[in-house]
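Subject: Structure for you to look at

Hello,

Here is the structure I promised to pass on. Please open it first, then read the notes below.

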Amino acid sequence: MGGAASQLPKEMVSEYQMIFFFLSGFFLRAHKRFSELQDRDSLSSRVPMEKILTMPELKSNPFRRRICHVFSTSEPNDGSLTFEDFLDLLSAFSDSATLEIKSHYAFRIFDFDDDGTLDAGDLEKLVNCLTGDTDETRLNPEEMRQLIKNILEESDIDKDGTVNLSEFQHVISRSPDFVSSFKIVL
Amino acid sequence: MARNVNFELHDLRAVLESPVDEDGIHDSFHQLIEEQTLDLSADAEAYELSELEEGEGRDNLGYLASPSSRQQHGEMQEERTEPLMDQQWSTATLRVLSSMPSRTIGRSRGAIISNYYNRTMQLRRRRQSRPSIRDFAPSSRPSIRGYGGVETDAGVDDERKWRQLVINLQNLPVSDRVQMLRCMPLSVDEKREIRRAALEYKGRRSSENQRVPCFSQLKICVIIALRHGWYSWLSLLSFLQLWQIALKKVSGRFGTGVLSYFVFLKTLLLFNFFLSIVTGFFLVLPQAIYPALSYALKFQGLELLTGGGYFTSTVMYYGYYTNSTLKKDCIWQQAISQHSNQTACHSLYYNMPLAYFFTIGFAFFITGIILVYTMSKSFGQSFRIDKSQGVLAMKVFASWDFKVSKKSSIKMQCENISTQIKELLSELALQQNTMGLLQKFGKSCVHLLAWTMCVGSTLACVLAVFYFSDYMHMDQKSRARVNDTANPLVKEAGLLALPVVVSTINLLLPGFFNAVAWMEEYNSPSTSNYVSIFRNLMLKVSVLGVLCYHWLGRIAHDPTSLGLQCWESFVGQELYRFLLMDFIFTMLDTFFGEFLWRLFSQKALKRKRKPVFDIARHVLELIYGQTLAWLGVLFIPVLPIVQIIKLLCMFYMKKASLMMNCQAPRKPWRACQMTTIFITLLCFPSFLGASVFVTYTMWTIKPSESCGPFRGLNSMFQSGKRWVEELEKGNPNLGWLVWAHTYLVENPFFLFVGAGIFLIVIYFHTQVLDGQRKIISLLQEQIKNEGEDKKFLITKLQFIHEQKRPLSSHRIRGASEVKPVSVPLSLCYL
């Protein structure tokens, strides 16, 4: 809570080492950053989404809200993170996380309507996030339609009109750059 | 009865809903249902308030009312390729669809646990701790075994699966358990619960064995202590990582492509560090402690540039090293005790020629092994069996670089991705229009012309270097004959001409190649990358080849005609000069090429774009510099240290210039693949060439008579041979060593056999890869067929549901009846 506990208990650290992908020296750094985001006089250990989004690593990322929603374990799912959610986030985005964990979370981040598959609406929102907001970079409706059709043709193996997790992981496994680009360094 | 309907539908809901969404109707289908309810808003009051019934009834009417769906349904038999989302389904069908295992596998906790239960089971089987038959879950359908979605005892099964997962985990070895736990995509609380349960079971079990032997207790304590030590060492290492903040800044602004250049620089730095430690410890240090007697020249500033003068009589060059065995205290004692014949030396012997030979050989051998290992690891990461398809999907799913954090860079990334997507789309559209024969012919003519120009210019430059070096050689010879008494430093400054010429060629010609490539048209941006890399490589390899001939073929062949007492030191000086000139020219290029060009283009040409950071060219320059360092280690043991200083300066210089002047490349840069290619280039032309050069020098060329550790021998290699022979004389049991030496090392037959075995292994691996490709295409076919099965079943389900519906749609206005709902329920349990 706040800045009072700047030291993490040792048992917690060793437990974290078993659960997460990074090493003990990293926890102190992560704890420091998280304490900076926390409000000193608030009682809860959760940091609201707006404060998380002020982090320089996430500030301008077009997927920042989705990232917060995916890793948040709060009941109303408002995107607020506890320290452990924060560690979970950093672990999934760390250097040594496996391809499987990364593709799992990437799938959940790209699944804008949270229904377990990427359908045409999800893909359209994804492409709009990737290409940005300006007029010259956005795709026109014709190109978007063509793009979604091509993506589904290439990646939808069972031809049900959506890309599910296994199909997504199959596409990702063919791209060796994914692991190095799905990284956030603190 | 309404109650009955609710009950059965609740049952259905309890079984089929995804645990994430509590409402029972997922958002994506929500719109579908909403659209259908809007059609029938007039009838809203007539329906009962139970949400499910409403949805059921309205939806069904909607389904019946729309003619298109009926038509679709009629055509269902013919068109099997309609995606499932286009059709209008009833709520029950939608619920079935939404809770299908393929859709819930990523979200449902039960599905994840089942999945990992299967994996731990496989791992246990592999680790030979066979699970009992009781552990296998019974299921109605083998292909969905392990998925907790559609089984009859779903609620019980989840809990059982959890218990079994915990049992599996605690039967695995510790490292596997930790890895498995880390890889599970569950929330932290759940992982903690599982871990605690697994450890608890283990604790309970171990307490059952009363007698724990003392030895294993000690072993456990030692292992725990070691593990703590290992973790703290690893975390210390991570703190010591060089340049972590700088690299983070670079990747935050420029992305992974430019980062790969700096990571490559760091790798080279580590190689040189290793090399300098080995040579420093084994060669420089002993010789520095026992300095050989030599005349010392005064230090003047120009030596730093030419490498000659004062430096020739220091540890820096080969010529300084003695060919005797260094003995401690013997020199003094011999001088003092003139009567005694035996020297009272009890201390260390250090055979300098042997040390020199073996150190260089050992350093090269270990560097080679590390390089090959790095190359194979990088290759394994980047090689994919079927890469040709799915370019657009890969671009959309996998190309966003999350490391980039600066706002302007993110904007630039968006622009780049948008351009690349539009280009890919237009390419795909174009591919459908095939090119005419004339166009193809025109394209190949342009390619041929470009290649002729590049090869021609390379040849011209190589010949220029050849004749210029010949001219310098002749000039030096004539001067030696005339016995020129000019200042030796001025003479050595004159020798700087050749490095300047070579560096100029290395600077200007890649620009020319870029200009030529600009007029060509390639199918994909990666092809143009490969072509430009190949052309640059060709240039550098041929120039280095000519230079090696110049040093070994001309200078080493006949050193006395040049007036050289020590040709090895001279060649070492040449290499030092080349390295230094390369560095100076890189500095000038960074200053003029990037800084001034940016000022010029922004002020004079008024362009908004900064110059692009050309990754391929810079990495090739690094490889060239490293090749020079490897070529020169034999003659200058201190050269890796010079290279380290050069790399450090280059890092800071390039980073500063990058931040101020450049922007990221606009074309897509596949970092992983390119890194593999660069490491391969570092290993094959660069390191292999250097080791061939060194091996040739050691094997065949006669060392100088009057300097260096190998003076008086016929070849450097002979020192090793002599040592082996001396060993045999001293101890006849070691005769096998001589035999091994003669038959294995000197005989090329052994090499041929080794190479043959290597090629056979490679052949087997390629056949295995071919087979895997075939399996992949067969499996894809199978998945497609399964998908069609699924569609068929769902539409059949809907059809039967719809057939039963007309009977009950009249009854919905009053009390609702039960009958029709039960039929589709039973079909759900297929």
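**Salt bridges between the chains**

The side chains of B:Arg119 and A:Glu100 meet in a salt bridge, with N and O 2.6 Å apart. (A salt bridge is a side-chain nitrogen of Lys or Arg within 4 Å of a carboxyl oxygen of Asp or Glu.) B:Arg119 sits in helix H7 (residues 109–126) of chain B and A:Glu100 in helix H6 of chain A, so the pair joins two chains. (Helices, H or I with at least four residues, and strands, E with at least two, are DSSP runs numbered from the N terminus.) B:Arg119 is partly exposed, at 25% relative accessible area. A:Glu100 is partly exposed too, at 29%. (Buried means under 20% relative accessible area, exposed over 50%, and partly exposed in between, with a 1.4 Å probe and protein chains only.)

Before going on, some ground rules. This is a predicted model: local features need pLDDT of at least 70, side-chain atom pairs count only at pLDDT 80 or more, and totals for chains, interfaces and linings use all residues. Residues are numbered from 1 along each chain as its sequence is written, chains are lettered from A and ligands numbered from 1 in the order written, and side-chain values use heavy atoms, leaving out hydrogens and water.

A second bridge pairs B:Lys790 with A:Asp158, at 3.3 Å from N to O. Here B:Lys790 counts as buried, at 16% relative accessibility. A:Asp158 is buried as well, at 8%. This pair also crosses between chains, from helix H29 (residues 748–809) of chain B to the loop between H8 and H9 of chain A.

Chain A and chain B share five salt bridges. The structure holds 23 over all chains. A:Arg33, A:Glu57 and B:Lys248 are linked in a network of them.

**The interface as a whole**

The two chains bury about 7000 Å² between them, 61% of it on carbon and sulfur atoms. (Buried area is the accessible area, 1.4 Å probe, that two parts lose on being put together, summed over both.) A:Met18, A:Leu130 and A:Arg174 supply 11% of the area that chain A buries against chain B, more than any other three residues. Contact takes 78 residues from chain A and 72 residues from chain B. (Contact means heavy atoms within 4.5 Å.)

**Around A:Pro56**

A:Pro56 lies in the loop between helix H3 (49–52) and helix H4 (64–71) of chain A. This proline is partly exposed, at 44% relative accessible area. Neighbours within four places in sequence aside, A:Pro56 is in contact with A:Arg33 and B:Ser405. A:Leu186 is 130 residues from A:Pro56 in sequence, yet their C-alpha atoms are 9.5 Å apart.

In H4 of chain A, A:Arg66, A:Ile67, A:Cys68, A:Val70 and A:Phe71 are buried. Their cover includes H3, H5 and H6 of chain A.

**Inside chain B**

Chain B has 30 helices and two strands. Of its 830 residues, 44% count as buried.

B:Asp589 forms a salt bridge with B:Arg617, the closest N and O atoms being 3.5 Å apart. B:Asp589 lies in helix H23 (residues 567–604) and B:Arg617 in helix H24 (residues 615–632), so the pair ties together parts 28 residues apart in sequence. B:Asp589 counts as buried, at 12% relative accessibility. B:Arg617 is buried, at 17%.

Best wishes
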